[in-house]
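User: I would like to learn how to read the features of a model like this one, beginning with the place where its chains meet. Could you take me through it step by step?

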Amino acid sequence: MVCVDDDDPTLPNYKDMMGEFISERVYLAVGLGSKTMISVLNNAAINNADYYDFLGFAGDDHRFVTDNWDLAMTDSMRKNNAIVGYANDLYPHNDLPTSVVVDSILVRALGFLAPPELIHMYADNFWLDIGNELQSIEYFPDVVIEHMHYTVNKSNRDADYLRVEKFMQPDSVAYSSYKQNSFDDDVRKIAAYAGI
Amino acid sequence: MLEYRVPNKEFVATYDFHKDRPAAHHMEQPENKIRLLCTAALVEYATLCHNVESIVDCGCGDGGLLQYLKQRGIGNSVGYDFHGPGVKYARDARGVSANYANFLENLEMLTEADLTIMSEVLEHLDDPHTTLQRISSSWIVVSSPNNETQYGHADEHQWVWDRDGYVNMISKQGWVPYQVVDVHNATIVLAGRL
């Protein structure tokens with residue numbers, strides 16, 4: 001499943017790549033111009049959580065390096081009953097799930113993949129925090145999904161990076177508010193749903 | 001693409017219909033809360049990316065969304081509703097600026113803000129099309145149910161749309177949809193003036 005803005009200049013490439021599965025696997029984020037990414041993520045996750053055991057997220061600045069990364073992660077997460085799983089993104093000193101695989105139970109229990117009050121940032125903090133709080137998180141050091149971020153000179157600081165940086169401060173406030181007001185309830189909801 | 005006018009429902013968007021109904025606390029209901037927080041995220045996005053400062057929530061109900069916007073410091077917001085118990089709750093319990101008013105009568109004046117919110121409002125109105133045309137703001141965030149049909153809908157709804165029908169209806173009233181979000185049986189649209 002791939003979510004692409006309908007005005008993304010590389011949309012034809014995605015369609016070619018996804019080939020015959022286009023209608024089932026490529027979701028267009030309808031609208032003009034830039035979007036609130038978390039809304040797009042939740043949009044796709046809510047509509048698919050009942051049809052898939054696992055859902056994931058990776059940005060267009062991630063590269064899947066390890067073959068069969070999906071089976072490596074989901075087989076192990078199934079065996080270990082892990083709700084949250086994340087790969088090695090080769091980002092120095094980073095322990096955040098910048099890309100993630102979650103058991104669909106998370107979406108079914110909460111009704112979202114990431115707190116809906118967020119615009120773009122702090123989803124990775126949420127997945128890490130919820131996994132740790134549930135003691136149901138698995139890190140895969142040997143599975144590499146490389147984060148080609150400009151801060152480690154793996155890409156250019158382009159217009160898209162500049163555009164989303166303005167969301168860091170407001171999303172920081174939004175996530176702090178979420179942690180204070182809703183996080184504990186959400187941990188309980190997932191635990192109850194998953195029988196943890 | 002569905003747009004359906006429920007027949008013989010002119011009474012449901014009136015003061016008499018709403019005056020004695022209990023206040024609905026959507027922010028305290030799980031799925032409605034997610035919808036409202038998505039709405040808030042689109043509003044905040046508009047403040048960050050489109051220079052929106054003043055916000056009016058037409059059909060603010062019990063003020064749950066206004067309270068969240070106020071707590072987060074997102075824009076300067078005020079609400080209007082013709083549901084008395086909801087407005088009283090918004091003021092007394094949530095401490096937000098909410099006013100008892102038939103906003104449809106003075107819509108052009110009341111929406112002289114940068115952005116107008118109509119969350120779960122348009123489907124209640126006799127004439128949502130003209131209502132959208134009359135809004136003075138440069139931006140709107142509107143939402144309505146997307147899972148109703150001509151055969152199954154809430155009694156108090158006068159119009160039924162699916163996602164495409166809703167977006168098409170908004171577009172035809174002179175608005176450009178910038179983002180469309182489906183969440184828990186509702187479609188939320190951030191749109192700007194053509």
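User: How many residues does each chain bring to the contact?

Analyst: In this predicted model, chain A contributes 25 residues to the contact and chain B contributes 22 residues.

User: How is the size of such an interface expressed, and what is the value here?

Analyst: The size of an interface is often stated as the accessible area that is lost when the parts come together. Here chain A and chain B bury about 2,000 Å² between them, and 58% of that area lies on carbon and sulfur atoms.

User: Which elements of chain A give two or more residues to the side that touches chain B?

Analyst: Those elements are α3 (37-48) and α8 (168-181) of chain A. Sorted by class, the side of chain A that touches chain B holds 13 nonpolar, eight polar and four charged residues.

User: How many salt bridges and how many polar contacts are there between chain A and chain B?

Analyst: The number of salt bridges between chain A and chain B is zero, whereas five residue pairs, with both residues at pLDDT 80 or more, are in polar contact across the interface.

User: Turning to the fold of one chain, what does the radius of gyration say about chain A?

Analyst: Chain A has nine helices and seven strands. Its radius of gyration is 16 Å, close to the 16 Å that the globule rule gives for 196 residues, so chain A is as compact as a globular protein of that length. Of those 196 residues, 48% count as buried, and among the contacts in chain A with a separation of 6 or more, 74% join residues 24 or more positions apart.

User: How many salt bridges are there over all chains, and which parts does the pair Arg78(A) and Asp53(A) link?

Analyst: The count over all chains is 16 salt bridges. One of them joins the side chains of Arg78(A) and Asp53(A), at 3.1 Å from N to O; Arg78(A) sits in helix α4 (residues 69-80) of chain A and Asp53(A) in the loop between α3 and β3 (54-57), so that distant parts of the chain, 25 residues apart, are linked. Arg78(A) is partly exposed because its relative accessibility is 46%, and Asp53(A), at 45%, is also partly exposed.

User: And in chain B, is Asp182(B), the partner of Arg163(B), buried or exposed?

Analyst: Asp182(B) is buried, with a relative accessible area of 12%, which is under the 20% cut-off. Its salt bridge with Arg163(B) has its closest N and O atoms 2.2 Å apart. Because Arg163(B) lies in helix α7 (residues 163-171) and Asp182(B) in strand β8 (residues 175-183) of chain B, the pair ties together parts that are 19 residues apart in sequence.

Definitions and conventions: Residues are numbered from 1 along each chain as its sequence is written. Chains are lettered from A and ligands numbered from 1 in the order in which they are written. This is a predicted model: local features need pLDDT of at least 70, side-chain atom pairs count only at pLDDT 80 or more; totals for chains, interfaces and linings use all residues. Side-chain values use heavy atoms; hydrogens and water are left out. Contact means heavy atoms within 4.5 Å. Buried area is the accessible area (1.4 Å probe) that two parts lose on being put together, summed over both. A salt bridge is a side-chain nitrogen of Lys or Arg within 4 Å of a carboxyl oxygen of Asp or Glu. A polar contact is a pair of N or O atoms within 3.5 Å; within protein, one must be able to donate a hydrogen and the other to accept it, and residues adjacent in sequence count only if both atoms are side-chain atoms. Helices (H or I, at least four residues) and strands (E, at least two) are DSSP runs, numbered from the N terminus. Ala, Val, Leu, Ile, Met, Phe, Trp, Tyr, Cys and Pro count as nonpolar, Asp, Glu, Lys and Arg as charged, and the others, Gly among them, as polar. The radius of gyration is taken over C-alpha atoms; the globule rule is 2.2 Å times the number of residues to the power 0.38. Buried means under 20% relative accessible area, exposed over 50%, partly exposed in between (1.4 Å probe, protein chains only).
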